[in-house]
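Q: Please take a close look at one part of this model for me: the place where the chains meet. I would also like to see how that part fits in with its surroundings.

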Number of protein chains: 2
Amino acid sequence: MNVTIKDVAKAAGVSVATVSRVLNKSATVSEYAAEQVNNAIKELGYNPNFLGRNLRKCETNVILAILPSTEHSFYNEIIKGMQTAASDNGYDILLCTTNSMHSTETRMLSMLFNRTVDAAVMLGTQLSAEELNDLNEKHYIAICCERVEGANVLTVTVDDENGAYAAVKNLISQNHRKIAIVSTSGKALSSKDRERGYIMALNEFGIPVREEYIFRGTYDPEDGGKAFEQFMALPDPPTAIFCISDLLAAGTIKKAISSGYKIGEDISVCGFDNIQMCELYNPGITTVEQPAFDIGKTVINELVKNIKQNQKKGRHIKLNYRLIQRESVQKANK
Amino acid sequence: MNVTIKDVAKAAGVSVATVSRVLNKSATVSEYAAEQVNNAIKELGYNPNFLGRNLRKCETNVILAILPSTEHSFYNEIIKGMQTAASDNGYDILLCTTNSMHSTETRMLSMLFNRTVDAAVMLGTQLSAEELNDLNEKHYIAICCERVEGANVLTVTVDDENGAYAAVKNLISQNHRKIAIVSTSGKALSSKDRERGYIMALNEFGIPVREEYIFRGTYDPEDGGKAFEQFMALPDPPTAIFCISDLLAAGTIKKAISSGYKIGEDISVCGFDNIQMCELYNPGITTVEQPAFDIGKTVINELVKNIKQNQKKGRHIKLNYRLIQRESVQKANK
DNA sequence: TGCTATAATGTAAACGATATTACATTTTTT
DNA sequence: AAAAAATGTAATATCGTTTACATTATAGCA
């Protein structure tokens, strides 16, 4: 039904081996034969069947990126970075989404087992350290944007702890002393790392850590609003709030404004990630930027290095953050 | 190196054919043999190689969704819809992004030629009608969220024209008569369709269409701000602005506020799409919702229908919008 | 002219699965 | 109890490539 390498060989008057050699430049072919082959390919509209090729070569040159969702705009920059690095190394990136479901994630990972892809990068994961380590024994995998305690797997993230530290230090330098944090209670370690950065900054300036200033909920922006209400009901409410994600910051700000507070004046709010919304929001949201493009580029480069060297070395690479000042953080009033 | 069907057959003491039959339930196998096979599969940790299977079967059961980017959060809902429908039909969805580049898009489409995937859905496209029609001759493809004039290809979109009509009619019903539109000058027909809806509403209420009330730029939110400045510099500025996308609406609102205008009071702004930001923004953005999940579900169901019936029928399916009222649109002052 | 090195090509065996065919066994029918 | 039908299993060809190996053609050189 379809044009195969045999048809091309026949039309060009050569053997299939020669066609393959022309196709892959894998050996020298006489100029004349090459021309015949190329003409035949054009004539017949031939496209090599990758299933046959990959089956024979035991590789697909495809790396799968597994996303929880495509909801967060900064994944896009990561993907761009991954594509750039992949392309440089002769790989293609395919994506899939799991909706943060463990079962879907493992179903997607089965593409490693059934040889549909050569390697996988997980942008966050529902898998346990044990599952990851098992997987890493037999397959090329990496995690980015999130780390898993005890998983000895190639991991690339922003420097969460120092990023948060910088964010909170910035609040302190604006004379804030009553600083609350909106974090999450899930098992995501990036939240925990960011919490540690928060505490590190407070400690450095001799500001006591107050339990009532710590809120732990979900990643739903609504929870930012809930946190805000809870903080403001305190006898001694904070003057600044550090949120471990921009969406939580947006939720916090939204609720603050609708409750009649003036952002920057009555209360300062800082986010983390630097999603597109930060710039677009009103007021602009001060935040810590993740070097998304670089994260993507780095994780693929390192993963390819592992593949090429035939090793499964696990290591954690932390990339630099960048503090971005906008309007949502201002000097404390007193 | 890897466990193959042969190893399983040997371990189970049956032929490879029997193993294949157990795997695919393609023919009756005695209970005992089946058990032996299943045990061997577990024992050896066997995973069928999809390259072998797909090569033989001439199908992969994978549909590729080609996205311009993952920047727009509502793609996520479309993808969910696609996954649901795909899963119901025994297909998997893989994604890739093109960064809106024609060359990248064609490179991704080559997965159709080289048999990596069975079909492709494009969420918007850079391809011309001619290219699409050519492609549609030999492959199963579909477009969603955007249509291409003259392309006789399966297309699923929201009802852009009537959605915009409803949005503008809503503005009119709030006593607005001076209504501007922020559209785009590219070749995207959804913009043109939405413009038509805008004009349709104005016409219905006998409101003259004023050229100076029509701005055409890019999809960059910044252009919403530019449009706003241009409109407000007019001798008779509008009291309401309909933007053909939420991001443009956000850009418009952002600039309006920073210029000292009160949204809802001095100027009303309406968007289109209902991205996550609309709810989160301050003020909440009134908009026209695209039935994202349904779009995704529908396009896959129709595409699979084409595949199963071995036809490449092109048709345009328009799904219903929903007007969502938030704070950015209020009654005109006078 | 021979002889060797090298370049160009062809042949055929993989890769890992499935489908087809043929054979052997069991079950049903008369 | 023999013939016919149904069922389970094995052997083998096939999908479209790549590639190891074998072969042939060409060039270089004494």
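A: Gladly! Helices are DSSP runs of H or I with at least four residues, strands are runs of E with at least two, and both are numbered from the N terminus. With that numbering, P283(B) sits in the loop that links α12 (276-280) to β10 (287-289) of chain B. Please keep in mind that this is a predicted model.

Let us stay with that loop for a moment. The peptide bond leading from N282(B) into P283(B) is cis, with omega near 5 degrees. In chain A, the bond from N282(A) to P283(A) is cis too, with omega near 0 degrees, and P283(A) lies in the loop between α12 (276-280) and β10 (287-289) of chain A. Most peptide bonds are trans.

The helix before that loop brings us to the interface. Across it, 37 residues of chain A are in contact with 37 residues of chain B. On the chain A side, two or more residues each come from α4, α5 (74-88), β2 (92-97), α11 (246-258) and α12. By residue class, that side holds 18 nonpolar, 15 polar and four charged residues.

How are the two copies related? Chain A can be superposed on chain B by a rotation of 180 degrees with 0.0 Å of shift along the axis, at an RMSD of 0.1 Å. That is the relation of a two-fold axis. Among the residues of chain A, L95(A) comes closest to this axis, its C-alpha lying at 2.3 Å. Looking at the interface residues of chain A, 100% are also interface residues in chain B, so the copies meet through the same surface.

One of the interface elements, α4, also takes us to the DNA. Strand C is surrounded by 28 residues, with T28(A), T4(B), S20(B), N49(B) and G52(B) the closest. At least two residues of that surface come from each of α2 (16-24) and α4 (50-57) of chain A, and likewise from α2 (16-24) and α4 (50-57) of chain B. The surface near strand C divides into 13 nonpolar, eleven polar and four charged residues.

Strand D has 30 residues around it, and here the closest are I5(A), N49(A), G52(A), S15(B) and T28(B). The elements that each supply at least two residues are α1 (5-12), α2 and α4 of chain A, joined by α2 and α4 of chain B. The top contributor is α2(A), with six residues. In this surface, 13 residues are nonpolar, eleven polar and six charged.

Just beyond α2 there is a backbone detail worth a glance. K25(A), in the loop between α2 and α3 (31-44) of chain A, has a positive phi, near 50 degrees, although K25(A) is not a glycine. Most residues other than glycine have a negative phi. K25(A) has 9 other C-beta atoms within 10 Å, and since 12 or fewer count as exposed, K25(A) is exposed. In chain B, R115(B) also has a positive phi, of about 70 degrees, and is placed in the loop between α6 (102-113) and β3 (119-123). The surroundings of R115(B) are another matter: R115(B) counts as buried, with 21 C-beta neighbours inside 10 Å.

Finally, let us step back to chain A as a whole, with its 13 helices and twelve strands. Its C-alpha trace spans about 90 × 40 × 30 Å along the principal axes. The radius of gyration is 26 Å, where a compact globule of 334 residues would have one near 20 Å. The chain is divided into domain 1 (5-48), domain 2 (59-158 + 292-320) and domain 3 (160-290). The centres of domains 2 and 3 of chain A are 29 Å apart, and eleven residues of domain 2 are in contact with nine of domain 3. On the domain 2 side, β5 (154-158) and α13 (292-308) are the elements giving two or more residues.

Methods:
Residues are numbered from 1 along each chain as its sequence is written. Chains are lettered from A and ligands numbered from 1 in the order in which they are written. This is a predicted model: local features need pLDDT of at least 70, side-chain atom pairs count only at pLDDT 80 or more; totals for chains, interfaces and linings use all residues. A residue is near a molecule or strand if its C-beta atom, placed from the backbone, lies within 6 Å of it. Ala, Val, Leu, Ile, Met, Phe, Trp, Tyr, Cys and Pro count as nonpolar, Asp, Glu, Lys and Arg as charged, and the others, Gly among them, as polar. The radius of gyration is taken over C-alpha atoms; the globule rule is 2.2 Å times the number of residues to the power 0.38. Domain bounds come from an automatic or database domain assignment. Two residues are in contact if their C-beta atoms, placed from the backbone, lie within 7 Å. A residue is buried if 20 or more other C-beta atoms lie within 10 Å of its own, exposed if 12 or fewer, and partly exposed in between; C-beta atoms are placed from the backbone. Copies are superposed by least squares on the C-alpha atoms of residues with pLDDT of at least 70 in both.
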